[in-house]
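Biologist: I have a structure to look over before I go back to the bench. Can we go through it together, piece by piece?

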Amino acid sequence: MWISDFRVVLPDRVIERGSVRIEAGTIAEIADTPVVGAELSGDGLLLLPGFVDMHGDMVEREVEPRPNVPMPLELGLRDLDRRLAVAGITTAYAAVSFSPSSTYGHLRSYEHTSAIIRALKSMGPQLLVDHRVHARFEITFPKALSVIEALIAEGAVDLISLTDHTPGQGQYRDIERHVDKMVRERGLSRDEAAQSVAKRIEERSQPAEIMAQTLNAISATCRAHGVALASHDDDTPAKVALMQDLGAAISEFPVTLEAAQEARNRGLATAMGAPNALRGQSYSGNLSAREAHAEGVLDILASDYHPSAILPAILELAKTDPLGLAGATRLATHNPAKALGLSDRGEIALGKQADFVIADDSGIGHVRATLRNGGKIYSDGSITRRRAA
């Protein structure tokens, strides 16, 4: 099957009126010109590789759309699946957490998170998108270690990130800013917010030897089972060095430019949120993804909490990327696929999976259709109308 007359986004350039032939779900041929008699005509729309999203936080809110209002897991996961396909995501890593004292409450309990992971894996063949599991391991909760090790052993986890949301470091290194945020968002008095922060610090404090044992154990388990390891919210070069020593290949959401630069110097891929890149700032006041991109230390764009931000973020960064649209597209396709060991996808190249995003780049950008393995998993209907016209 030929799809023709697209602006085909390759890893290093854009073919202005190109065509791609799909055979058995893979890319069999790429042409620099339109093909007569093609089954699908793009009329100049963009053809990008399907987005590979290494971190999406949406699953917890899909299965419980309001606090203490749980929905059947199957319903929530199907809703998430459709939402990702509409955004052009063809490979998605659902970021789930194990944090008993989290503001998300029971959503991040061991039992509930394990149930989400197992349901996502069992439903995989029925879903539109290739779903994988990104388990966020809070290193201050060593009790979760045995649960996560069991899930890794049964092949239910594909990526581990080492997180620490203790106030005073990482994402919340500015305690005063964090207290102000709690006052605004939770309606607490300043004294109540300060007491809450102090309690969290006390609860999460761990002896150094316990912390080291926990980190070494999860690192060894990941190595033994070939599971990718990432750090999270790196705020200093020293923390980046520690994470690399543990085997991390990705520095996820570095919160300072110095940490991002150290990660790049040490060969770690840096990942930041597409909403951050689109808005031009971090919602928590940390490193801007645009600044990281301008400094040449941004490798990966992830949906974070808003999957439809990926395409507009790519189009925004393309304005300043040294390789233009081709370079910006790599941030959500080739680069995450490479960092996660997915050598069969992430670029429009011979032999790769025929995962595509058909997009209109007018205005802020709009996904018109998504293909996975050559089959359409989403369409807004406009492609069919264009062909009929």
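Biologist: Which residue follows α8, and what is the value of its phi?
Modeller: This is a predicted model. Right after α8 comes Gly247. Its phi is positive, near 110°.

Biologist: Which residues of helix α8 are buried?
Modeller: Helix α8 covers residues 237-246. Buried means under 20% relative accessible area. The buried residues of α8 are Lys239, Val240, Ala241, Met243 and Leu246.

Biologist: In what order do the strands of the open sheet run?
Modeller: Eight strands form the sheet, and the pairing is parallel. The order is β6-β7-β8-β9-β10-β11-β12-β13.

Biologist: Which are the edge strands?
Modeller: An edge strand here pairs on one side only. That picks out β6 (51-56) and β13 (300-302).

Biologist: Which residue stands opposite Ile160?
Modeller: Strand β9 spans residues 159-163, and β10 spans residues 228-232. The two pair in the parallel sense over four bridges. Opposite Ile160, in β10, stands Leu229.

Biologist: At what angle does helix α3 run to β7?
Modeller: Helix α3 (residues 110-123) lies across β7 (89-98) and β8 (130-138). Its angle to β7 is about 160°.

Biologist: Why can Val69 count towards a surface patch, and what area does the patch have?
Modeller: Val69 sits in the loop between α1 (59-63) and α2 (73-86). Patch residues need over 30% relative accessible area, and Val69 passes because it has 35%. Val69 forms a nonpolar patch with Met71 and Leu75. Together their accessible area is about 220 Å².

Notes:
Residues are numbered from 1 along each chain as its sequence is written. This is a predicted model: local features need pLDDT of at least 70, side-chain atom pairs count only at pLDDT 80 or more; totals for chains, interfaces and linings use all residues. Side-chain values use heavy atoms; hydrogens and water are left out. Patches are made of residues with over 30% relative accessible area and no salt bridge: like charges are joined within 9 Å, nonpolar side chains (Val, Leu, Ile, Met, Phe, Trp, Tyr) within 5 Å. Accessible areas come from the Shrake-Rupley method with a 1.4 Å probe; for residues, only the protein chains shown count as cover. A salt bridge is a side-chain nitrogen of Lys or Arg within 4 Å of a carboxyl oxygen of Asp or Glu. Buried means under 20% relative accessible area, exposed over 50%, partly exposed in between (1.4 Å probe, protein chains only). Two strands pair if DSSP finds at least two bridges between them. Contact means heavy atoms within 4.5 Å. Axes are lines fitted to C-alpha atoms, for helices over the stretch in contact, and angles run from 0 to 180 degrees between N-to-C directions.
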